[in-house]
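Reader: I'm new to this one and keep tripping over the labels. Could you walk me through them?

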Amino acid sequence: MTFRRNLTRFCRICLAGALGVAAIASIEAAPLTMNTGGAIWNDTEGRQINAHGGCILKVGKTFYWYGENQTRHGKSSGVNCYVSPDLVNWTFKNRVISQGTPGLSESQFERPKILYNSGTRKYVMWAHRENLRDYADAQAVVAQCDTPDGNYALVKMFRPFDKTANTVDHGKPGFMSRDCTLFQDDDGTAWFISSSNENQDLMFYKLSPDYLDTVEHYKVLPRGSREAPALLKCDGKYYLLTSASTGWNANYNTLQEAEKITGPYGPQQGLISRIGDSTFNSQVSFVLPITGRKGTVYLFMSDRWKVWNLPNSRYIWLPLRFEKGTFQPIVWGDCWQLDLESGLATFPVDPTPSPDNLARGRPVHCDKNNERNGKEPDRIVDGDKKTGWAADGGDAPQWIKIDLGQSYALNDSKITWEGDQRAYRYRIDVSVDDVHWSPAVDRTTNEQISETNNDRLNCNARYVRLTITGKGAGMWFWATCEEWELLSGSTNVAFKKSVTASSAQWGRYAAKITDGDFGTYWSTGDDKPGHWAQIDLGRSADLGACRIVWQNPGYFYQYKIEASEDRMSWTPVVDMSTNTKVVRMPVHRFKARGRYLKLTLTGADDGCWPSIAEWEVFSQGKAPAEQQYSGFRGSSQ
Ligand code: DGJ
């Protein structure tokens, strides 16, 4: 996959498709499409980007991405530097440090980080340095340069505080120093953070004003066994991201909060929105704050290591945010939108099984009547047509608004009014952000008397607002609505239907793919191709679409789907056997009739063991959207 920049109107049109037209107005410049990753990322020369465990530094309007030049034998031979105007298109610039750097012939480099020192006007690099034979040196290497992408000159390689009497770590002077990061505080003070004591203690070192030496040390996470540190600051608080210590293997990375940089740091919270997953099979490397005119978005950068072929390791980049000062676990989306100028992004939303009536039980607000009088607004989403909302007072306009919690593809609106002798005049407007609204239905001149009004919506929206604009025939008092249903039209006909499969891991049985729970999954017995799962819909049906929810995002999957009436003869309906595109929740549309549907896995991405969280089946013309997003927002909004 090549990074791409959408600079044109085309991008706005795509975005409108994904988020609903109302999103356009909220972002003035064209936002960028960020690929989350997992697939191969190429530079502008078409070569796979080799910059692992790294960081990004912004100098002027240019982004510099530094990272390990990984080799097949797992010894990073240097630090590569790529440049980009937009975080999307990256051009290789230089190997800024390597075994060719005087004094570093016997070295490998991990987790390079770079800061600019405005006092010395130098770019200063700190990294973990090892020799080429074993992993026992556990040193920090310090180097500096006049330009961000020039050849960095060695300043020193050492274990912090190796000259201090009685500082001994596993038999050698100074603190061992392995996985590391750099952090520059608001006052320009810089900190080096690294794992010591055979990775058991995480140390914080205050750096000298020239950033070339450690002057104070703090054992911040003693005996925590944490690696891969990254630090960010938001609203005056410090957030420390780390991984557990499991080598190259992914684990459950966490975040801890502190008032002071040296702690104490609070309890570990999971970084991603799903407990038990291995941080989307990756390990944190860095967090880049992106501040624009309207807010800040934090770019979470993580490495998906391919231990058996390290240069082929992949990158996972997702937006990270806080809401009212509270960290929001990171959610997967195959791609997302970033607007550098405003500092806003679209944040992926965890997928949910699609109920038919999306309004049911959602929060409702209205402009008139919020008193406890038995006619409260939420009565229109309680699933009970005997209860309803009545506007307090008779003057139009009166509006009532439902928040669906996230954007959905909406098909229909179904309003049930009180009484069957009145014609209601109304309008329905939709929005993704509660700020910018688009008209969806106009019945402002309605004279048709009816107890129910069904309207086609055909849009993507999170907020849906019904405005009663006036009185039609038979209307002599204020609006009273008993139920308002917003239909996705995507009833999953496979829900709770029986499934058989060629194999399964213990506890991860095939039945999990129709249980309506995206947190459970079917896992094939091994990672070899050929495994299949088959749903019995119970009776023959006209089928129009299906949605697969892969348990592991950021990998490509190859498979085919067949339909059958009798399990004897099978008709091919979907062929993805040559697919190399990463899509977490593919929606396939087709026309078939059958009682049985069978999915056969024919291949998968390097290092991926296929597991399916849900396989939903829909009748013709009724399928949910592939991606789900909240509107554009920054952090702390
Ligand atoms: C532990 C680190 O966390 C990994 O990213 C990797 O650098 C390995 N060490 C190398 O052995």
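Author: Happy to. Let's start with a pair of rings: F204 and Y265 are both buried, where buried means under 20% relative accessible area, exposed over 50% and partly exposed in between (1.4 Å probe, protein chains only). Keep in mind that this is a predicted model, where local features need pLDDT of at least 70, side-chain atom pairs count only at pLDDT 80 or more, and totals for chains, interfaces and linings use all residues. Residues are numbered from 1 along each chain as its sequence is written, and side-chain values use heavy atoms, leaving out hydrogens and water.

Reader: What makes F183 buried?

Author: Its relative accessibility is 8%, and the cut-off is under 20%, so F183 counts as buried. Y238 is buried as well, at 7%.

Reader: Why is the pair of F183 and Y238 called edge-to-face?

Author: Rings of Phe, Tyr and Trp (its six-membered ring) pair if their centres lie within 6.5 Å; planes under 30 degrees apart are stacked, over 60 edge-to-face, and the rest tilted. Here the centres are 6.1 Å apart and the planes stand at 75°, so the pair is edge-to-face.

Reader: And what makes F204 and Y265 tilted?

Author: Their planes are at 45°, with 5.9 Å centre to centre, so neither the stacked nor the edge-to-face cut-off is met and "tilted" is what's left.

Reader: How do you know that K156 lies over the face of F158?

Author: The rule asks for NZ of Lys or CZ of Arg within 6 Å of the ring centre and within 35 degrees of the ring normal. K156 lies at 4.1 Å from the ring centre of F158, so the distance fits the rule.
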